Amino acid sequence: MEKINEEGISILLVEQNAHLALETAKYAYILENGKIELEGSTEELKENDQVRQLYLGA
């Protein structure tokens, strides 16, 4: 998957493991009850206190 992405091909990844998703993707959407609650670069989301507390267990 990473090799495909490195070649410039976009991938839609649907993943419940937030750690894996944020390490793999460059941009992410966080959905709650079918609605986008947060979005941004994975670097931004990893630094977001709400994301860290609710999804990353930090």
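How many helices and strands are there in the protein chain? Switch your viewer to cartoon view and count along: you should find four helices and two strands. Keep in mind that this is a predicted model.

Now colour the chain from one end to the other and follow it. Read along the sequence, the pattern goes α-α-β-β-α-α. While the whole chain is in view, turn it around: the C-alpha trace spans about 35 × 25 × 15 Å along its principal axes.

Next, switch on the surface. The accessible surface comes to about 4800 Å², and 48% of that belongs to carbon and sulfur atoms. Of the 58 residues in the chain, 22% are buried. If you like to look at contacts, take those between residues at least 6 apart in sequence: 14% of them join residues at least 24 apart.

Time for the largest pocket. Select Leu13, Glu15, Ala21, Ala28 and Tyr29, which lie nearest the centre of this pocket among its 25 lining residues. The space in there is about 850 Å³.

Which elements give two or more residues to the lining of the largest pocket? Select these stretches one after another:

- α1, residues 2-6
- α2, residues 18-24
- β1, residues 27-32
- α4, residues 49-55

Stay on β1 for a moment, since this strand gives the most to the lining, with six residues.

Last stop: colour the pocket lining by residue type. You'll get 16 nonpolar residues, four polar ones and five charged ones.

Note on methods: Residues are numbered from 1 along each chain as its sequence is written. This is a predicted model: local features need pLDDT of at least 70, side-chain atom pairs count only at pLDDT 80 or more; totals for chains, interfaces and linings use all residues. Side-chain values use heavy atoms; hydrogens and water are left out. On a 1 Å grid over the protein atoms alone, a cavity is a set of points where a 1.4 Å probe fits but cannot get out, and a pocket is an open set with protein on both sides within 12 Å along at least five of seven lines; lining residues have an atom within 4 Å of a point. Grid points are joined across faces, edges and corners, and a volume is the space filled by probe spheres set on the points. Ala, Val, Leu, Ile, Met, Phe, Trp, Tyr, Cys and Pro count as nonpolar, Asp, Glu, Lys and Arg as charged, and the others, Gly among them, as polar. Buried means under 20% relative accessible area, exposed over 50%, partly exposed in between (1.4 Å probe, protein chains only). Contact means heavy atoms within 4.5 Å. Accessible areas come from the Shrake-Rupley method with a 1.4 Å probe; for residues, only the protein chains shown count as cover.
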